[in-house]
Amino acid sequence: MTRPVTPIGSAAPTVSQQLSVFIEQFKAGTIPPDVRERAKLLILDAIGIAYASTYYPFAREILAGIRSVAGTGDCGLIGLPDKLPLRDAVLMNGALVHGLDYDDTHVGAIVHPTASALPCAMSVAESIDASGADLLAAYILGVETVVRVCGAAKGGFHHFGFHPTGIAAHFSCALQAGWLYGLTAQQLTMAQGMVGSTAAASQEFLEEGAWNKRLHPGWAGVAGITAAHLARHGYIGPSKTYEGRFGLYQTHLQDDTYKVDYGYITAGLGKKWEVAEVAVKPYPACHLVHACADAAIALREKHHLKPGDIVSVQALIPEPAIHIVAEPVAAKIKPVNDYDAKFSVQFVTAASLILGKFGLAQLEPETLNNPVILDLAQRVSYAIDPDTTYPKYFSGGVVVTTKSGDTLRHHEPMNRGTGERALTGDEISAKFRDNAEMVLPRERVERVRDAVLNIEKLAAREFMAELR
């Protein structure tokens, strides 16, 4: 027996039904020009990161694992010559975009939107020979919906040990794939019901620098595409996948369900564009440590600090960030690998104070094993930021005590990359070039940049051919 499904157009449509009606009726031409241009810059940033990821062993190792079970296919990969079947290509491209933890973040929703929205939109559009304009529109739909599904939880997923991107993106990928496939509102509702059973993403990787997180965005695409295909062929799923008795928020947030803002999921769809609020990262590390990195660099430059000048350091972070970037202390003061270091406020703060910068080069073994940095990391404690602006911004600060007895402070109320401190188009292009040139010659980099910024003029298959 199957549960009856509330029909679309009933007196009290569920949240998933409201989303479905919006997606079914959505037209690419309704996206404002400024939203499309911002979306292209976010895509440019993500593709540059994906190219940089191909430089690192994890990309080859993940690809080998996927290829051993998937075989060959017709969908391209960013910066690699291989082609994989549709869902496997999404999984791999997601790992490339998210693998360095350098990809964008919607600060209010605490989610990495492009890491799931772009791989899903690219490969589905490529597989059906869609236009570049539709690829772009599907990407924007993915961003808009993943932000809303995640933002409704108000940061709650983190508190219960879940990686928010790996939860919310299952629903957004089902919707953006469903839009490209032309699913009806009823089918889109069924697809969302399906991924209500696949949305799970443990944060246990934080305990030992494991790789799980790298696969979360792409795995969401695998689930979303599968759900869309099932729904198109008559699959029956629940219609209350968000607000139901065993819905998303009840099962994942438990006693904190009262905090959920269900209205946020559908409020302003098609009028208020969250793409404009997505922040591009200036550092290849967890966004929750960026303010401390900036504060450390500012103190170093202002006071000409040398390692021997520093007695102790205190990193000021938002309370919800403690279990992500500051504990367990023993693991954070001596990261076991580069991925572990990205989630250590102690290491990032120490490295920024010693080196005056923090980029991909600062995650190489030479820096991870630098005795001066590791010695200082042991003297970096943390405290709850009394002036935090979290969750609106990922604020933070650093307090340095020197041998001369001085106490030096610097606080960043708004993390760089967001709000009034958003990176400009030129800065995003520069970041793209720096990342892409790790593996591509300059002329090829410029050709890819032109393809991204003119994506509407290309077919999806032409676009993917430029990226391979």
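These legends go with three close-up views of a predicted model. Local features need pLDDT of at least 70, side-chain atom pairs count only at pLDDT 80 or more, and totals for chains, interfaces and linings use all residues. Residues are numbered from 1 along each chain as its sequence is written, and side-chain values use heavy atoms, leaving out hydrogens and water.

**View 1. Here's an open sheet of 4 strands, in the order 6-5-7-8.** Its pairing is mixed (strands are DSSP E runs of at least two residues, numbered from the N terminus; two of them pair if DSSP finds at least two bridges between them). Strand 6 (380–384) and strand 8 (407–412) sit at the edges, each pairing on one side only. Strand 5 (residues 310–317) and strand 7 (residues 396–402) run antiparallel over 6 bridges, and one bridge joins Val313 to Val400 in strand 7.

**View 2. Helix 13 (residues 290–303) packs on the sheet.** The helix touches strand 5, strand 7 and strand 8 (contact means heavy atoms within 4.5 Å; helices are H or I runs of at least four residues). Its direction makes about 135° with that of strand 8 (axes are lines fitted to C-alpha atoms, for helices over the stretch in contact, and angles run from 0 to 180 degrees between N-to-C directions). Helix 17 (residues 345–355) lies across strand 5, strand 6 and strand 7, at about 125° to strand 5.

**View 3. Now for the lining of the largest pocket.** Of its 17 lining residues, Val107, Gly108, Pro391, Lys392 and Tyr393 lie nearest the centre (a pocket is an open set of points on a 1 Å grid over the protein atoms alone, where a 1.4 Å probe fits, with protein on both sides within 12 Å along at least five of seven lines; lining residues have an atom within 4 Å of a point).
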